Amino acid sequence: MKRYISLLIIISSLLGLTGCGGIHTNYREIQQLLVVQTLGLDREEGSVRVSMAAAAKASGAGPRRMSASGGTVSTAIDRAYDLSYEEDIFFSHVNHILVGQDAAEDMDVFLDYLCQSPELCIDIPLYVVREGTAEQAVMEVGDGSRGISEVMQAVRESFATPSDSKVFTVADTISSLGRYGSALVCAIRCEPGSESSGSQEAGGTQDGAKGKGQEEEQSSEPAAGEGRGSGAEGSTMAGIAGYAVIREGQLCKYLEPELAVAVGLMTGSVPISFIGVEDMDGRPCSLEVYQGSARLSPLWGGPGELKGLDIQAEVTASVMESGSSGAAGAEEYVNYLTGRLEAAVSEQLSSLLQSSMELKADFLGLAGRVERSSPENYRLMEQDFTEVLPSLELQISVSGRLSHTNDMKEA
């Protein structure tokens, strides 16, 4: 019996190495893989468009891009497989997911797919393409040596903090929508680059290709009946465009990039940002905010009666540019700039919170902070937090500090 069992084990091992299910069954050369790094999602009339981009090849052949449509995201991706010729599409290295503005108006549909997809992680950064489509960003942004994936890496760093480069991910969005009914998503905008081609307007495509399945790759010709993306590489670039507010799964507002410090303070991740102020002689000065935090305390009128929010923030900034005033190194001058910094940040916080109150959208997760601060009072609230949000009194105080001001002292 033992010899019989041993014989079965040997036969099974040989079959495993040579037959179906062997270690080399699904092996593919790297040249046969289209390793997608940026995925774009758009909504069209009666269909969904999926766009994807791989990084430029080491050989210098340039970025590879593809776009296809279908009734659902899955069918659009199946169509893309048909257009990929001899290559297999590989999604395990997707680093950025872009959603067009029209698609963001029905974000739930795409979030459902991203949450359930077996090929994508939910910790991938998510972006809304403000006043544009994801297809435009994927197919047209970049130049001959880099595409949207390389550009998006720089954009991601623009939302960075000194300690990390955290942006809002698919998981963050799903969690915030589920917990608070609203969420923030970083926004980008496609714009003409500084070296735009005069032969074709930025954002255009050749041969009326838009609306059909497209593939753009240096070494391949389009399939029969399919068109190419824009050939005017370098005509379009992408940059930060603030934040998109998603409420109940739909895009409802944009927050301008100038609110970045306030958003960072209220979400615990302050990006490196510049704030412009004027010195005591009316000369423009540039302050670089690189650190900050905010503490929120609820104001109760009685048990379960939320009356307001008290926000106390601290920010630290460097003086990057200052006027040539003779008093630049004086303590009075530094104190004045510090006051301007505090006023600017206070104004940002007020504008941000007012937007939340006007929309009845808790995209900053204020309810969670109130609950953690006063769990018993929060439990006794008779109304939902978003219902009382518009009537809350705001008390905002900012404490600023300037550092690395040797340039002023030596003036």
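Here are a few questions and answers about this predicted model. Local features need pLDDT of at least 70 and side-chain atom pairs count only at pLDDT 80 or more, while totals for chains, interfaces and linings use all residues. Residues are numbered from 1 along each chain as its sequence is written, and side-chain values use heavy atoms, with hydrogens and water left out.

User: Is Leu 83 buried or exposed?
Analyst: Leu 83 sits in helix α2, residues 73-83 (helices are DSSP runs of H or I, at least four residues, numbered from the N terminus). Buried means under 20% relative accessible area and exposed over 50%, with partly exposed in between, using a 1.4 Å probe and protein chains only. Leu 83 has 3% relative accessibility, so it counts as buried.

User: Which helix gives the most to the largest nonpolar core?
Analyst: A nonpolar core is a set of buried Ala, Val, Leu, Ile, Met, Phe, Trp, Tyr and Cys residues joined through side-chain atoms within 4.5 Å. The largest one has 70 residues, and Leu 98, Met 266 and Phe 385 touch the most other members. With ten residues, the top contributor is the helix spanning 331-359, α9.

User: How are α4 and α7 set to each other?
Analyst: The axes, lines fitted to C-alpha atoms over the stretch in contact, give angles from 0 to 180 degrees between N-to-C directions. Those of α4 and α7 come within 11 Å and cross at roughly 120 degrees. Under 35 degrees is roughly parallel, over 145 roughly antiparallel, 65 to 115 roughly perpendicular and the rest oblique. The two helices are therefore oblique.
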